[in-house]
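Please look over the sequence and the model below before reading on. The paragraphs that follow are meant to be read with the structure open.

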Amino acid sequence: MKTIWFVYPYGPIVGEKTLEFRYTRFARVLAERGYDVIWWTANFSHALKEKRSKSWETVHVSSNYDIVLVPTSSYKKNISFRRILFELTFSRNLARKFKKIEKPDLIMTSGTGLLSAFRPVWPYMHKKNVPVIYDIMDIHMVDKYISSKYKFFSPFVKVILKLIELREKKFYRSVQGVTGLGRNQLQVAINRTGNRKIPSLLVYNGIYVEKFRSIARQARTEEVIKRSPGWTYCIFAGALGPSYDIITVIEAAEIAKKNNDRIQFIIAGSGPQKEIIEKAALTNDRVLFLGSLSHEDLIKVYSMCDIGLCTYAAFSTVDMPDKFYDYCAAGLAIVNSLEGEIREHIIKSDCGVNYIPGNPTDLYDNLMKISEKDILDNYKKNSYSIAPRFDIECLVDSLINMISSISNSD
């Protein structure tokens, strides 16, 4: 029985109230297919900003699938020196643990983070001759964020990131395969390896479409949110952090209130901007804040809405956000601010509109435009029809074939 490791300090683990994470999903299916699987992740939750355990702890998911919580430091702000320290402690502690256990047959890891989430894998893969698949989930947005918020520091950040890039070059040139959750990101990963013929695979995070819709169908007999005739309901669900265009959503809701428009903004999630949303909900009846919901409860809310908001800040480098798959499965029209692959899907499939991030007037105008019944119904129908393209079952099957090929060829 082959052993596969996932190394990544971020993402929700089994039992946390959120969408099933990419590596949780991959690991579960691999375990079902007969692999021994370990996901090494942090004992501090990035989304919840709280410790999961006091020290090392193993979460037994199934007979041959474990999640191992690695001791780390904590942080409050996503872009901060304390988060850099978090990644360094994760790497240091995991590197020590690696010395004491038997090597795996393959490692899958991602570089997302302020430094390098794959840092403990770096020397280990060469020392133990273990094949590695580099999975790109995001592209560094630190440069764009600093340039947007703190222009004075931008030249220094560019130099630091260039040094990191040069230092990481050996890692990228040594991996045996690359995967990505978006087409543009996958191309970045291929370019980093310097090998255009390297085994590569586009693996969207995807969704279990029929399972999602089964839950949604049940919700239609329940009063999840109270709808009023003639109103349009739009929803944003996710982490309420600085990389999201939350302030713009709140300001667009203020315009809607001033103009007495029949549009309701529903926000679900938790994060640093939670207090801003709570305050807005108290003073503006166009804003409804639901807090953190389980994924099943969130599906029920989606089933009662009309528009899904993919509202990200201008500096975001996200290519294909998870919420897009949910919105399509629910048949919601999409309003998006991202420049990545999602924009191409929206235009090609005619399932929504794109707006300028940071511009509440543009967001408001687009929402009012697509709230017209014929336009809205067409977008919702097209959104619903493209969801099967992102069904997770087919996506994971392709990944397993890639893992099997690379681990067998080593």
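The text below goes through a sheet and its helices, then aromatic rings, then a few single residues.

This is a predicted model. A good place to start is the open sheet, which has six strands in the order E13-E12-E11-E14-E15-E16 with parallel pairing. Strand E13 (287–291) and strand E16 (352–354) are the edge strands; each has a single partner, so one side of each is left without a neighbour in the sheet. On average, neighbouring strands here are turned by 20° against each other, direction ignored. Strands of a sheet pair through backbone hydrogen bonds, in either the parallel or the antiparallel sense. One pair to look at is E14 (residues 307–310) with E15 (residues 333–336), which run parallel and are joined over four bridges. In this pairing, Ile 307 stands opposite Ala 333 of E15.

Helices come next. Helix H8 (residues 246–258) packs on the sheet and touches strand E11 (232–237), strand E12 (263–268), E13 and E14. The direction of H8 makes about 155° with that of E12. Helix H9 (residues 274–283) lies across E12 and E13, and runs at about 135° to E13.

H8 and H9 also pack on one another, at an angle of about 5° and with their axes 11 Å apart. Angles under 35 degrees count as roughly parallel, and H8 is therefore roughly parallel to H9. Which residues meet between these two helices? From H8 come Ile 246, Ile 247, Ile 250 and Lys 257, and from H9 come Ile 276, Ile 277, Ala 280 and Thr 283.

Aromatic rings are the next topic. The model has 30 aromatic pairs, counted by the distance between ring centres. In one of them, Tyr 134 and Phe 171 have ring centres 6.0 Å apart and planes at 85°, so the pair is edge-to-face. This pair links distant parts of the chain, with Tyr 134 in strand E8 and Phe 171 in helix H5 (residues 154–174), 37 residues apart. Are these two residues buried or exposed? Tyr 134 is buried, with a relative accessible area of 1%, and Phe 171 is buried as well, at 0%.

Phe 324 and Tyr 325 make another pair: their ring centres are 6.1 Å apart and their planes stand at 65°, so this pair too is edge-to-face. Both Phe 324 and Tyr 325 are buried. Elsewhere, rings form a cluster whose members include Phe 6, Tyr 8, Tyr 10, Trp 39 and Phe 86.

Some rings have a charged group over them. The charged end of Lys 97 sits over the ring of Trp 56, 4.6 Å from the ring centre. Arg 213 places its charged end over the ring of Tyr 384, at 3.4 Å from the centre.

Leu 30 belongs to helix H1 (residues 22–32). At 0% relative accessibility, Leu 30 counts as buried. Leaving aside residues up to four places away in sequence, Leu 30 touches Ile 4, Phe 6, Tyr 35, Val 37, Ile 400 and Ile 403. Phe 6 in that list is also a member of the aromatic cluster. Leu 30 and Ile 4 are 26 residues apart along the chain, and their C-alpha atoms are separated by 8.5 Å.

Pro 199 is found in the loop between helix H6 (183–193) and strand E10 (200–202). Its relative accessible area is 41%, so Pro 199 is partly exposed. Not counting residues up to four places away in sequence, Pro 199 touches Gln 176, Gly 177, Val 178 and Met 402. Ser 405 is 206 residues from Pro 199 in sequence, yet 9.7 Å from it in space, C-alpha to C-alpha.

Two loop residues remain. Asn 129 has a positive phi of about 55° although it is not a glycine. Asn 129 sits in the loop between helix H3 (121–127) and strand E8 (132–136), and counts as exposed at 52% relative accessibility. Asp 350, also not a glycine, has a positive phi near 55°. The loop that holds Asp 350 runs between helix H12 (341–349) and E16, one of the two edge strands of the sheet. Asp 350 is partly exposed, with a relative accessible area of 33%.

Key: Residues are numbered from 1 along each chain as its sequence is written. This is a predicted model: local features need pLDDT of at least 70, side-chain atom pairs count only at pLDDT 80 or more; totals for chains, interfaces and linings use all residues. Side-chain values use heavy atoms; hydrogens and water are left out. Two strands pair if DSSP finds at least two bridges between them. Axes are lines fitted to C-alpha atoms, for helices over the stretch in contact, and angles run from 0 to 180 degrees between N-to-C directions. Contact means heavy atoms within 4.5 Å. Buried means under 20% relative accessible area, exposed over 50%, partly exposed in between (1.4 Å probe, protein chains only). Rings of Phe, Tyr and Trp (its six-membered ring) pair if their centres lie within 6.5 Å; planes under 30 degrees apart count as stacked, over 60 as edge-to-face and the rest as tilted. A charge sits over a ring if NZ of Lys or CZ of Arg is within 6 Å of the ring centre and within 35 degrees of the ring normal. Angles under 35 degrees count as roughly parallel, over 145 as roughly antiparallel, 65 to 115 as roughly perpendicular and the rest as oblique.
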